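Let's take a walk through this structure together. Keep the model open beside you as you read.

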Amino acid sequence: MKYSIGVLSLAIAFSATTPLEAQQIHSVQFSYPQILSSKAVGNTHYITLNTGAYQPLSYLEIMPMSNVVELTKGNILVTDRYERVINTDIARAGGGIRIKFERPIPPRTTLRIAMDDVYTAPRTNARVYKYRVSGRHIGFNQNITYGIASISTY
């Protein structure tokens, strides 16, 4: 009898902790900066990302990795998850662009970057475009990699 009560208590304790662990895993989902999605609609490439739970974000860098010859800095729009436009200063950085924010972006913010009229190499049959995305958070002395956005076109 003692054995069955002990096993039953252990089973109840285990089942009680499982949902809590699942909640913890769900809440950790945006603890680090990450790309949430990427897609193309016409000639516009979209990257949606979350800034993570680190310090506020001061700028993002987007570097084309393949088939993209140039990102036109005048055709980039950044919005939050409520589609409010975020004021930015766009500059060239290496072979890509740097999106500097007028005010630092708070942690756990979802951003959507729309890059319109992406100029690709002539005569390529490329259907997949890749961008390396990283960001500089206040208090860090180097960029944090968000990942690689892969955009397929058809």
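A salt bridge here is a side-chain nitrogen of Lys or Arg within 4 Å of a carboxyl oxygen of Asp or Glu. By that criterion, a search of the whole structure turns up two salt bridges. Before we visit them, please note that this is a predicted model, in which local features need pLDDT of at least 70 and side-chain atom pairs count only at pLDDT 80 or more, while totals for chains, interfaces and linings use all residues. Residues are numbered from 1 along each chain as its sequence is written, and side-chain values use heavy atoms, with hydrogens and water left out.

Let's start with the overall layout. The protein has one helix and eleven strands, where helices (H or I, at least four residues) and strands (E, at least two) are DSSP runs numbered from the N terminus. Along the sequence the pattern reads α-β-β-β-β-β-β-β-β-β-β-β. Of the 154 residues, 34% count as buried; buried means under 20% relative accessible area, exposed over 50%, and partly exposed in between (1.4 Å probe, protein chains only).

Now find the open sheet, in which five strands run in the order β6-β7-β3-β10-β11 with antiparallel pairing. Two strands pair if DSSP finds at least two bridges between them. At the edges sit β6 (88–93) and β11 (144–152), each paired on one side only. On average, neighbouring strands of this sheet are turned by 25° against each other, direction ignored; the axes are lines fitted to C-alpha atoms, and angles run from 0 to 180 degrees between N-to-C directions. Within the sheet, β3 (residues 57–66) and β10 (residues 128–137) are joined in the antiparallel sense over eight bridges. Look for Ser-66, which stands opposite Lys-130 in β10.

Strand β3 also brings us to a salt bridge, where the side chains of Arg-98 and Glu-61 meet at 2.4 Å, N to O. Arg-98 belongs to strand β7 (residues 96–105) and Glu-61 to strand β3, so the pair ties together parts that are 37 residues apart in sequence. Arg-98 is partly exposed at 31% relative accessibility, whereas Glu-61 is buried at 10%. Another salt bridge joins the side chains of Arg-84 and Asp-80 (2.8 Å, N to O). Asp-80 is buried, with a relative accessible area of 11%.

Asp-80 appears again at the largest pocket: among the 14 lining residues, Asp-80, Ile-86, Arg-103, Ile-105 and Pro-106 lie nearest its centre. A pocket, on a 1 Å grid over the protein atoms alone, is an open set of points where a 1.4 Å probe fits, with protein on both sides within 12 Å along at least five of seven lines; lining residues have an atom within 4 Å of a point. About 280 Å³ of space lies in this pocket. The largest share of its lining, four residues, comes from β7.

Finally, let's turn to two backbone details. Most residues other than glycine have a negative phi. Glu-83, however, has a positive phi near 65°. Its place is in the loop between β5 (76–80) and β6, and Glu-83 is exposed, with a relative accessible area of 63%. Arg-108 also has a positive phi, about 60°, although it is not a glycine. You will find Arg-108 in the loop between β7 and β8 (110–115), where it counts as partly exposed at 48% relative accessibility.

Conventions
Points joined across faces, edges and corners; volume = space filled by probe spheres on them.
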